[in-house]
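Visitor: I am new to this structure and would like a close look at one part of it. Please choose a single place, and explain how it fits into the rest.

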Amino acid sequence: MELEAWRTALVREIERAAEWRAEKAVADPEDTRLADSQQALFNLAEQVKALPPDHAELSALHKEETELGELQRATAGEPEARYHDAKEDLLGAYGIDHPPFDTVEGFLKVLRNRVDETISEYRLRACA
């Protein structure tokens, strides 16, 4: 997937998490954390959209996510699904159990760490 299409998909994932949070806020209007989390997620999506295409962390994350599909000795789709679940967990906790990041780079760094962990695990498996 090309960088801009990938970035659009990442932004959409963040926005979906914010929309899901909005649904939860309607169900529980007294929990102000939900509205705060929703706003933090929308802010995060806007920050990702505003990054230049040559942003180093963004480009690195794109490259590493692409690498997930090229891992040897992995069941097709398994590394991607594992990483996707970790990303969904982060977005689900964002602003509630995980404080919002000070910068978009902080968010990208955490995602890079998670994709790196997944890649490392599958590379270790291939060596065994």
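Guide: Among the contacts in this chain between residues at least 6 apart in sequence, what percentage join residues at least 24 apart? The figure is 76%. The model is a predicted one, and every value here is computed from it. The part to look at closely is the largest pocket, but the chain around it comes first.

The chain has 128 residues, with 5 helices and 0 strands. Read from start to end, the pattern is therefore α-α-α-α-α, given that helices are numbered from the N terminus. The C-alpha trace spans about 50 × 30 × 20 Å along its principal axes. Of the residues, 37% count as buried. The accessible surface comes to about 7,500 Å², and carbon and sulfur atoms account for 51% of that area. As for charge, there are 16 positive and 28 negative side chains, and the centres of these two sets lie 4 Å apart.

Now to the pocket itself. The volume of the largest pocket is about 270 Å³, and 13 residues line it. Those nearest its centre are M1, W6, E65, Y83 and K87. Three helices each supply at least two residues of the lining: α1, which covers 3–27, α3, which covers 56–68, and α4, which covers 78–93.

One of the residues nearest the centre of the pocket, K87, deserves a slower look. K87 sits in helix α4. Is K87 buried or exposed? K87 counts as buried because its relative accessibility is 4%, and the cut-off for buried is under 20%. Setting aside neighbours within four places in sequence, K87 is in contact with L10, E13, E65 and L111. Of these partners, E65 is itself among the residues nearest the centre of the pocket.

For contrast, consider P99, which lies in the loop between α4 and α5, the helix covering 104–127. P99 counts as exposed because its relative accessible area is 55%, and the cut-off for exposed is over 50%. P99 and A40 are 59 residues apart along the chain, and their C-alpha atoms are separated by 9.3 Å.

To return to the place chosen: the largest pocket has lining residues from α1, α3 and α4, and K87 of α4 lies among the residues nearest its centre.

Terms used: Residues numbered from 1 in each chain as written. Predicted model: local features only at pLDDT ≥ 70, side-chain atom pairs only at ≥ 80, totals over all residues. Heavy atoms only, no water. Helix = DSSP H or I, 4+ residues; strand = E, 2+ residues; numbered from the N terminus. Buried < 20%, exposed > 50% of the residue type's maximum accessible area, 1.4 Å probe, protein only. Contact = heavy atoms within 4.5 Å. Areas by Shrake-Rupley, 256 points an atom, 1.4 Å probe, with all protein chains shown as cover. Lys, Arg positive; Asp, Glu negative; His and termini not counted. Charge placed at Lys NZ, Arg CZ, Asp CG, Glu CD. 1 Å grid on protein atoms, 1.4 Å probe; cavity = no way out; pocket = protein on both sides within 12 Å on 5 of 7 lines; lining within 4 Å. Points joined across faces, edges and corners; volume = space filled by probe spheres on them.
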